[in-house]
Amino acid sequence: MLKENEHIIIVGAGIAGLVSALLLSKQGLKVTVIERNEYPGGKLRAFSSQEGPIDAGPTVLTLIDVFQEIFTQANLNIFRELDLYKEEILARHYWPDGKCLDLFSTHEKNLFSIEKVFGKDSAAEFDKFHGDCETLFYAFNNTLLRNGCPGSFFTKKRFFKKVFLD
Ligand SMILES: Cc1cc2nc3c(=O)[nH]c(=O)nc-3n(C[C@H](O)[C@H](O)[C@H](O)COP(=O)(O)OP(=O)(O)OC[C@H]3O[C@@H](n4cnc5c(N)ncnc54)[C@H](O)[C@@H]3O)c2cc1C
């Protein structure tokens with residue numbers, strides 16, 4: 001349990017450290033973030049080049065509702081603070097033999113795209129992979145990912161057994 005006059009030291013100014021600092025300081029706690037790099041952001045960063053800055057690290061804003069919740073807790077509106085717009089193509093991948101695969105934000109479009117480039121079997125494999133990931137996501141979303149006290153998840157042996165052993 002945190003006390004009002006406690007001074008919190010956060011190691012690392014990646015997105016996790018920065019969000020923690022934002023939310024803890026909003027609760028009135030004194031927060032200091034220590035970062036070994038000369039810039040904040042961690043993996044979320046840009047390199048300079050002759051043509052201008054090049055973004056590196058994350059490209060897709062996944063689970064926007066999580067970011068919305070964080071902004072709301074900080075009394076901010078994400079849509080007012082950031083210029084967000086939906087990209088039709090999420091990612092374009094190239095292979096040495098010239099193949100090019102686009103990925104989209106809907107499963108159906110991705111299946112179609114994979115089948116077009118790699119054939120029906122690959123699309124079926126991706127469909128199974130997507131289904132497995134969906135099962136894991138719904139199993140862990142509330143219990144672990146959005147659990148304010150994730151350690152408690154591992155003490156729930158019955159749930160653990162259900163997910164991993166059943
Ligand atoms: C190529 C790539 C693509 C990705 N694409 C996506 C995407 O599309 N969508 C998505 O949601 N996620 C994506 N991710 C994942 C996402 O980038 C990371 O999950 C997220 O940035 C991790 O943030 P973090 O704060 O946990 O860690 P980091 O960003 O690694 O931050 C940790 C920070 O701590 C600092 N630090 C560590 N040790 C010390 C120390 N001892 N003293 C001082 N400072 C220290 C580091 O310098 C760093 O700044 C991608 C990642 C990569 C690499």
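**Group meeting: a two-domain predicted model with a ligand**

With 7 C-beta neighbours inside 10 Å, Asn-75 counts as exposed, because the cut-off for that class is 12 or fewer. I begin with this residue for its backbone, and I should say at once that the structure before you is a predicted model. Asn-75 sits in the loop that joins H2 to helix H3 (78-81). Its phi is positive, near 60°, in a residue other than glycine. As general background, most residues other than glycine have a negative phi.

Leu-63 belongs in the same discussion. This residue, again not a glycine, has a positive phi of about 50°. Its place is the loop between strand S4 (54-56) and helix H2 (64-73). Is Leu-63 buried or exposed? It is partly exposed, because 13 other C-beta atoms lie within 10 Å, and the exposed class ends at 12.

Let me now turn to the overall layout. The domain assignment divides the protein into domain 1 (1-85) and domain 2 (87-166). Between the C-alpha centres of domain 1 and domain 2 the distance is 25 Å.

I take the N-terminal part next. Strand S1 covers residues 7-11, and strand S2 covers residues 30-34. The two strands pair in the parallel sense, over 5 bridges. Within this pairing, Ile-8 stands opposite Val-31 of S2, and Ile-10 stands opposite Val-33 of S2. Together with helix H1, the strands S1 and S2 make a β-α-β unit, and that unit is right-handed.

How many of the 5 residues of S1 are buried? The count is 0, and the strand is hardly covered. For S2 the number buried is also 0 of 5 residues, so S2 lies largely in the open. Val-11 offers an example from S1. It is exposed, because it has 10 other C-beta atoms within 10 Å, a count inside the limit of 12 or fewer. From Val-11 to Asn-37 there are 26 residues in sequence, and their C-alpha atoms are 11 Å apart in space.

Helix H1, the middle element of the unit, runs over residues 15-26. It has 12 residues, and from its first C-alpha to its last it reaches 16 Å, close to the 16 Å expected at 1.5 Å a residue. Just after the helix, Gly-28 takes a positive phi of about 90°.

Leu-18 is a residue of H1. Why does it not count as buried? It has 19 other C-beta atoms within 10 Å, so it is partly exposed; the buried class requires 20 or more. Leu-18 also relates the helix to Val-33: the two are 15 residues apart in sequence, and their C-alpha atoms lie 7.8 Å apart.

Beyond S2, Pro-40 lies in the loop that leads to strand S3 (45-47). Pro-40 counts as partly exposed because it has 16 C-beta neighbours inside 10 Å. Its C-alpha atom and that of Gly-17 are separated by 9.6 Å, at 23 residues apart along the chain.

I come to the ligand. Which residues come nearest to it? Of the 19 residues around the ligand, they are Gly-12, Gly-14, Ala-16, Gly-42 and Pro-58. Helix H1 gives the most to this shell, with 3 residues. By class, the shell divides into 8 nonpolar, 8 polar and 3 charged residues.

Finally, I describe a hairpin. Strand S5 (residues 91-94) pairs with strand S6 (residues 100-103) in the antiparallel sense, over 4 bridges. Ala-91 has Leu-103 in S6 as its bridge partner. There are 5 residues between S5 and S6 in this hairpin, and in the turn Gly-98 has a positive phi of about 100°.

To close, I return to two points. The parallel pair S1 and S2 is joined with H1 in a right-handed β-α-β unit, and H1 gives the most to the shell around the ligand. Leu-63 and Asn-75 have positive phi values without being glycine. Thank you for your attention.

How values were computed: Residues numbered from 1 in each chain as written. Predicted model: local features only at pLDDT ≥ 70, side-chain atom pairs only at ≥ 80, totals over all residues. Near = placed C-beta within 6 Å. Nonpolar A, V, L, I, M, F, W, Y, C, P; charged D, E, K, R; others polar. Domains from an automatic or database assignment. Pairing = 2+ DSSP bridges. Right-handed = clockwise from strand over helix to strand, strands pointing away. Expected span 1.5 Å × (residues − 1).
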